[in-house]
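Grab a pencil and have a look at the protein below. Work through each exercise yourself before you read the solution.

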Amino acid sequence: MASTLHRFALTAALILSAPIAAQDARESRPRPSDAVDPFIGTGGEGHTFPGAVAPFGMVQLSPDTDTGCKIRDCYGHAAGYRHDDPTIEGFSHTHFSGAGHSDLGDILVMPVSGETVPMDPGTPAAPGYRSAFSHANEMARPGYYAVTLDGPGVRAEMTAGTRVGVHRYAFPRGRAAHLVVDLRTSLYNYPGKILWSGLHLRPDGILTGFRETRGWAPGRKLFFAMRFSAPLTGHALVDRDKDVPYRGFQGPGRGTDALAEKLGKALEARLDFGKLDRPLEVKVALSGVDEAGAVANLAAEAGDFDAVLARTRTAWDEALGAVAIEAAAPMKRIVSTALYHSLLAPSVWSDADERWRGPDDQVHVADGYTVRSTFSLWDTFRAEHPLLTLIQPERTTTDVVRSLVDGQRYSPDGILPVWQFAGRETWTMIGYHAVPVIADAYMKGLRGFDADAALDAMVASADAKAYGGLGEYIARGYVPIDKEPEAASKTVEYAYDDWTIARMARAMGRTDVAARFEKRAGNWRNSFDAKTGWLRARKSDGSFRVPFDPTAINYGSDYTEGNAWQYSWFMPQDQAGLIRLLGGDRKTIAKLDAMFDYDNSKLDYSHAEDIAGLIGQYIHGNEPSHHVAYMYNFAGAPWRTQERLAQIVGSQYKATPDGLSGNDDLGQMSAWLVFTSLGFYPVAPGSNEYVVGRPFVNRATLRLPNGKQFAIVADGLSDANRYVGSVTLNDRPLTRSVIRDEDIRAGGTLRFTMASTPNKAWGSSAGARPYSMSTAR
């Protein structure tokens, strides 16, 4: 019987894929989405998912391979899917792309065929509704995912629009078709995580529901509406836990429009469809507001599976087409996929009618913009958001910046989002890094938001004395380690954020604000030990804490997910000031080399989950290192940056499931590669400069929304020619080792002539170096 079902599933796969293949055959030229491989990052520690999602979509419809992992063992399943798992538990509608922690995995659906319908997933060894699968019968591309489920013999296909996900299931002929909808499951699951949930079957056949969860984002509420292409022949709404009543949020109760209802903490639905003669389509809409909002979102995106897929694929081609890439395989696939991963978050959070649930747990109405959430700002302020200012500038200002400002407006704590999703704050990581996102957009001339209100929100966040040792920082000019953990990291990250406030305030003419925060921007010096050359944690009495080991990585200690080797370079606003403290160019270059060449053989970092992708003490799998290779430019040795970039790209990115060396962190790892492949990187967002490295693609064209194009050409690029021999900008020699944001937005051509030997003179003079606060003219 298993072989018969398997043959049916393969036949169904060919039949269902035929319209898509035929459409592709009619295309006269490749589409940008063709070069993307969503499986990159789904193995190793990339933590990406392969499922269907629209650009920045609210719905991420993707398979979950093990939602039942024990809490301490769930790190590798943060995205729900892990490439080396042999079974699929079901398909849920919300996922993070590359996070180091997780939640979500909402509203799991799984098809079942035959007369018996298991209501538990079981285990890989003893499956219930869980099913084995083979990667040979699996495919993914932007907006589409498909797999054959060996257990029920079902070919499962997924697509997604902005607020909807659409399933299509081809069941074996002659066997009864069923769906299990399980509201008990979640990523990073544990007993008591589901606080309350509800299921409502309406007379029109639509199943609606909700659930409230506690976890990474406490008190998170999500609502859904589910419509089927075939009528139900039977159903059961069941509560698997009837012991403890809930006295908090109750959700909607039974109304006159409810055909059947169930409220509880452990709900499931069994939905029966009889024997079908065509594939079953299941269209699911989400809402953070209420079930009525989910129903309205369902209606707002009309059409069946193929219609939603066609719209989403077009949307992906338009979004990916903002950067046209010409490169040899596999580099084109790697960079194209990195661009794809950079366009998944921050995701849509408001409904089609502009209602949204804020951090105060109240429903608000957006005024002419689409609210975004899923802000992993400690990661994404570095390259992800600067990339969006180039390829999604309108959405950056009208959606992202206004969402951040309204996040502060409705926050019970009065500060900008830190690490927010589903409108809820998690307080994960440090700093107030919504500030550089807003300032970088403003400094680049992007508008569409109230700049004064934005600056006021930035200042309010920077002056929130109860947050993360800020009161001590404001009083002393540094965060003392005996008052606040991770004090060294917090001091330098606050100082950088303060500099971006000063930059925006100065540009706006608000000189009082600018002067105050320009002074605070120099606070990084207060935690830098010039005698030893390290950033170190200081105590309240002004002394540096001892004992001191620059290689030590211990959570809750002096540094955040890192050590002195990584954090001693984090003053992106004033690298020239750092170089002077280190004793000049030569000593700085020697210390950079020592970092990359460090022998880690006697160190054990197995306790630190996020420490991955080590090259000596450079840790590419974690963000504090991401600008460090470009530091050689500030010391007058761009050719050393070129060498290190070749080392990093060659060892940290591959066109395979384990092709990311660490968590993608909502697009930051990927955005680093997109910028680096083009030949430049935003070391200090807010400076309006990009530090020149070296390209890794033969040609790339940025198609700017103003109708202009900026081309990057790498003449003679090869493995042997890894150095930059010369650079021209619009046919004129570029002698400085930076390009400015205005250069890109004006359109033109940046041309690299690659060479097999370094040009040690290019970019070495003091006037050719990137911006630093202390040497700014």
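**Exercise 1.** Is the crossing of α17 and α18 left-handed or right-handed? Describe how the two helices meet.

*Solution.* Keep in mind that this is a predicted model.
- Step 1: find the helices, α17 at residues 638-652 and α18 at residues 668-678.
- Step 2: look at how they pack. The angle is about 135°, and the axes lie 12 Å apart. That angle makes α17 oblique to α18, since an angle has to be over 145 degrees to count as roughly antiparallel.
- Step 3: settle the hand. The crossing of α17 and α18 is left-handed.
- Step 4: see who touches whom. From α17 come L645, I648 and V649, and they meet W672, L673 and T676 of α18.
- Step 5: sort these contact residues by class. You get five nonpolar residues, one polar and no charged ones.

**Exercise 2.** Which strands stand at the edges of the open sheet of six strands?

*Solution.*
- Step 1: write down the strand order, β19-β33-β34-β38-β35-β36, with mixed pairing.
- Step 2: pick out the strands with a single partner. These are β19 (323-326) and β36 (732-733), so each has one side without a neighbour in the sheet.
- Step 3: zoom in on one pair. β33 (residues 699-703) runs antiparallel to β34 (residues 709-715), with five bridges between them. One of the bridge pairs joins A700 to I712 of β34.

**Exercise 3.** Why can we call the protein as compact as a globular protein of its length?

*Solution.*
- Step 1: take stock of the protein, with 19 helices and 38 strands.
- Step 2: compare two numbers. The radius of gyration is 26 Å, close to the 28 Å that the globule rule gives for 777 residues, so the protein is as compact as a globular one of that length.

Terms used:
Residues are numbered from 1 along each chain as its sequence is written. This is a predicted model: local features need pLDDT of at least 70, side-chain atom pairs count only at pLDDT 80 or more; totals for chains, interfaces and linings use all residues. Side-chain values use heavy atoms; hydrogens and water are left out. Axes are lines fitted to C-alpha atoms, for helices over the stretch in contact, and angles run from 0 to 180 degrees between N-to-C directions. Helices (H or I, at least four residues) and strands (E, at least two) are DSSP runs, numbered from the N terminus. Angles under 35 degrees count as roughly parallel, over 145 as roughly antiparallel, 65 to 115 as roughly perpendicular and the rest as oblique. A crossing is left-handed if the near helix is turned anticlockwise from the far one by less than a right angle, and right-handed if clockwise. Contact means heavy atoms within 4.5 Å. Ala, Val, Leu, Ile, Met, Phe, Trp, Tyr, Cys and Pro count as nonpolar, Asp, Glu, Lys and Arg as charged, and the others, Gly among them, as polar. Two strands pair if DSSP finds at least two bridges between them. The radius of gyration is taken over C-alpha atoms; the globule rule is 2.2 Å times the number of residues to the power 0.38.
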